[in-house]
Amino acid sequence: MKTNKRFYRKLTALVMGALTAVSISGTALAADTIQLNLEDSIQMALENNRNIKSALADVDAAKWNLSNARRQMGPTLSWTTGAFSLGGRDYDAKKIDSQYSNALQVGMPLYNGSLRAAIDKAGYGINAADVTLENTKQAIRYQATADYYQILQCRNLINVQQDAVNTLREHLDNVNAHYNVGTVAKSDVLASQVQLANAQQALVTAQNNYDVAVSSLNNVIGLDTDTVLDIRDQLGYTHYDLSLDDCTKFALANRADGAACYYAVKQAEAGINAAKAGNYPSVNAVASKSIAGGKAFKDEQSEAWQAGAQATWNIFDNGVTSASVHAAEAALLKAQEASRQQDESIKLDVRTAYLNLQAAEKNIDTTKTAVTQAEEDYKIANVRYSAGVGTNLDVMDANEKLTEAKTNYYTALYNYNTSKASLDRAMGLPIDIDVAKYRASRQEGNRLKKVREDAKLYEDAILESTEEAKQNSKEEAKAGRKAEREARKAAKAKHADKKAVKEEAVK
């Protein structure tokens with residue numbers, strides 16, 4: 001346990017170090033420009049993303065499904081009333097021509113295996129909804145992070161292409177100067193112009209990719225897609241020294257989607273118990289009173305009451321229960337296989353992200369060296385051309401290699417950072433709840449409130465839809481119904497006007 005705690009603190013420190021390596025606050029620079037850092041982007045995504053709000057609604061639905069199942073084990077009170085006109089020889093002899101009846105019944109299940117299994121299944125259902133919400137948050141965090149890094153990468157590539165345009169423009173000026181004095185051929189000028197035009201097109205593409213990346217991040221964090229973002233961070237590099245084995249163990253214990261599969265298995269087990277309930281009786285406590293009379297709530301015609309227990313046992317159902325049990329057992333087998341497959345997918349996700357991280361880390365040093373070499377090669381080619389001992393092709397080839405080397409370097413940085421974010425996602429790095437503690441508390445038999453309290457990482461963690469969100473939903477639905485009524489009313493009025501015009505034309 002101590003080793004796990006040390007690992008968790010070490011992991012958290014690494015991640016938070018990456019998050020806090022940028023500026024702290026988001027500041028509005030203009031009406032349509034917002035300054036953001038990575039932490040701001042993640043927080044806005046967690047607060048505004050539609051997928052998270054949908055997952056919160058799923059938690060609410062699961063909570064009320066559990067409440068529904070539990071309340072079916074409690075007492076119920078029903079009232080039945082009726083008013084009848086009577087006729088026939090028997091009633092005519094008694095001079096009764098009407099009757100009002102009222103019956104009041106109180107009931108409560110004393111033993112019902114099906115309802116008990118439904119409660120267990122609904123309980124695991126809300127557990128699954130809780131960890132699915134956490135999984136959704138983790139997915140959105142990764143998406144916001146990846147989109148943020150994409151913006152930084154696109155901006156770097158703009159700078160690379162802009163440098164290429166600048167150097168090619170300077171080289172073209174140099175070629176024109178040589179051409180004007182007759183030391184180079186016209187073909188050198190044309191080739192340099194083509195190379196510059198190609199670089200300018202690449203710059204336009206890079207600028208467009210940046211705009212698309214900004215729109216993608218805006219969409220994830222809940223801003224208008226045309227919002228201008230002022231992002232001043234740079235892609236950096238921080239060594240990640242956790243082992244693959246540590247990462248895999250952490251993932252198997254903490255991945256929220258793995259926990260969701262576990263609770264799907266528990267729901268399937270409860271489904272077997274629900275099916276087996278058909279083999280046992282159900283027992284209810286019942287008390288009732290009924291009256292009937294010629295007027296409402298009178299009892300001159302009849303009055304009776306009864307209280308006791310009522311048992312129902314389907315002794316022979318022609319194998320229906322047995323078939324249901326076998327079907328439920330098959331569902332359990334399917335859920336178990338899905339859980340095992342998810343564990344295998346978790347291991348693969350972690351290994352893939354970890355290996356990608358290592359490869360990107362190795363490429364950072366290699367590509368950085370290549371940039372230095374390419375810069376030196378370009379300087380030599382340019383000097384040789386200016387001295388008349390090198391060719392134009394040598395300069396353009398050196399420029400192309402320099403651009404490629406810079407692109408490769410920034411791509412390696414980008415791949416490293418996104419692979420790190422992908423590894424965090426694969427490991428199930430928590431946001432609001434510690435999944436391992438959640439499962440442990442639930443296995444101890446604690447109620448939902450205690451389970452959540454044991455697992456929450458922050459007091460203000462949002463695990464259910466807010467009252468404001470619920471009220472807004474009701475108001476939106478109400479406004480929608482009102483708009484539909486007004487639209488139908490307007491359509492009817494328009495139809496009436498057309499009809500009146502036609503009638504007037506006929507006259």
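What follows is a conversation about a predicted model, in which a trainee asks and a mentor answers.

In this predicted model, local features need pLDDT of at least 70 and side-chain atom pairs count only at pLDDT 80 or more, while totals for chains, interfaces and linings use all residues. Residues are numbered from 1 along each chain as its sequence is written, and side-chain values use heavy atoms, with hydrogens and water left out.

Trainee: In which helix is Asn 127 found, and is Asn 127 buried or exposed?
Mentor: Helices (H or I, at least four residues) and strands (E, at least two) are DSSP runs numbered from the N terminus, and by that numbering Asn 127 belongs to helix α5, residues 113-180. Buried means under 20% relative accessible area, exposed over 50%, and partly exposed in between, with a 1.4 Å probe and protein chains only. Because its relative accessible area is 1%, Asn 127 is buried.

Trainee: Which side chains does a polar contact join to the side chain of Asn 127?
Mentor: A polar contact is a pair of N or O atoms within 3.5 Å; within protein, one must be able to donate a hydrogen and the other to accept it, and residues adjacent in sequence count only if both atoms are side-chain atoms. The side chain of Asn 127 has such a contact of 2.5 Å with that of Arg 442, and another of 2.9 Å with that of Tyr 438. The partners asked for are Tyr 438 and Arg 442.

Trainee: Which residues is Asn 127 in contact with, leaving aside its neighbours within four places in sequence?
Mentor: Contact means heavy atoms within 4.5 Å. With the neighbours within four places in sequence left aside, the residues in contact with Asn 127 are Tyr 263, Tyr 438, Arg 442 and Leu 448.

Trainee: Which residues form one aromatic cluster with Tyr 263?
Mentor: Rings of Phe, Tyr and Trp (its six-membered ring) pair if their centres lie within 6.5 Å, and planes under 30 degrees apart count as stacked, over 60 as edge-to-face and the rest as tilted. Tyr 263 is itself buried, with a relative accessible area of 0%. Its companions in the cluster are Tyr 124, Tyr 262 and Tyr 438.

Trainee: How many aromatic pairs does the count come to, and why does the pair of Trp 79 and Phe 297 tie together parts that are far along the sequence from each other?
Mentor: By the ring rule the count comes to 7 aromatic pairs. Among them, Trp 79 and Phe 297 are stacked, at 6.3 Å centre to centre and with 20 degrees between the planes. Trp 79 lies in strand β3 (residues 76-85) and Phe 297 in the loop between β6 (282-293) and β7 (302-312), so the parts tied together are 218 residues apart in sequence.

Trainee: What is the order of the strands in the open sheet, and which are the edge strands?
Mentor: Two strands pair if DSSP finds at least two bridges between them. The open sheet of 4 strands has antiparallel pairing and the order β3-β4-β6-β7. Pairing on one side only, the edge strands are β3 and β7.

Trainee: Over how many bridges do β6 and β7 pair, and what is the bridge partner of Ala 285 in β7?
Mentor: β6 and β7 pair in the antiparallel sense over 11 bridges. Along β7, Ser 290 stands opposite Ala 304, and the bridge partner of Ala 285 is Ala 309.
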